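Q: Please take a close look at one helix of this model and at the surroundings in which it sits. I should like to know which of its residues face inwards, which face outwards, and what lies around it.

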Amino acid sequence: MNRIKEVLKDKGISQTWLAKQMGKSYNTVNEYSRNVRQPSLEDLYKIAEILKVEVKDLLIERKK
C-alpha cells in the first residue's frame, strides 16, 4: 500500500502532471495511486523527489 493519491491531493498536484514529470503514462501513475500496482523502489524515490517529500511520507500514514 502507498499514499501517493493522498500526497498528491494534499499538494494539489494532478496524476497527469506527475506522470509527465516521471516520463510515465497516466495509466501507470493512476494504478500507483489506486494501489492496483506498486511502484518500483526506484520509482518511489523518484516520486518522493518530484513531490519534495520523504519516501516514508508515501508509505506511512501521518499521525493526527
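A: The account below sets out the basis of the values, then the fold, then the chosen helix and its neighbours. This is a predicted model, in which local features need pLDDT of at least 70 and side-chain atom pairs count only at pLDDT 80 or more, while totals for chains, interfaces and linings use all residues. Residues are numbered from 1 along each chain as its sequence is written, and side-chain values use heavy atoms, with hydrogens and water left out.

The protein chain holds five helices and zero strands, in the order α-α-α-α-α from the N terminus. With a radius of gyration of 11 Å, close to the 11 Å that the globule rule gives for 64 residues, the chain is as compact as a globular protein of that length. Helices here are DSSP runs of H or I with at least four residues, strands are runs of E with at least two, and both are numbered from the N terminus. The radius is taken over C-alpha atoms, and the rule is 2.2 Å times the number of residues to the power 0.38. Along the principal axes, the C-alpha atoms fill a box of roughly 35 × 20 × 20 Å. Of the 64 residues, 38% count as buried; buried means under 20% relative accessible area, exposed means over 50%, and partly exposed lies in between (1.4 Å probe, protein chains only). Among contacts with a separation of 6 or more, 55% join residues 24 or more positions apart, a contact being heavy atoms within 4.5 Å.

The part chosen is helix α4, residues 41–51, in which Asp43, Leu44, Ile47, Ala48, Ile50 and Leu51 are buried. These residues lie on the same side of α4 because they cover an arc of only 165 degrees around its axis, the arc being that of the directions from the helix axis to the C-beta atoms. An α-helix has 3.6 residues a turn, so residues three or four places apart point the same way. The buried residues of α4 pack against α1 (4–11), α2 (15–22), α3 (26–33) and α5 (55–59).

The face turned away from that buried side carries the exposed residues Leu41, Glu42, Tyr45 and Glu49. Glutamate 42 counts as exposed at 65% relative accessibility. Its C-alpha atom is separated by 18 Å from that of isoleucine 60, which is 18 residues apart from glutamate 42 along the chain.

Lysine 52 follows α4 and belongs to the loop between α4 and α5. Although lysine 52 is not a glycine, its phi is positive, at about 60 degrees. The residue is exposed, with a relative accessible area of 72%. On the other side of α4, the loop between α3 and α4 contains asparagine 35. Asparagine 35 also has a positive phi of about 60 degrees without being a glycine, but this residue is partly exposed, its relative accessible area being 25%.

One of the packing partners of α4 is α2, whose buried residues are Gln15, Leu18, Ala19 and Met22. These fall within an arc of 100 degrees when seen down the axis of α2, so they line one face of that helix. The buried residues of α2 pack against α1, α3 and α4. Just after α2, glycine 23 takes a positive phi of about 75 degrees.
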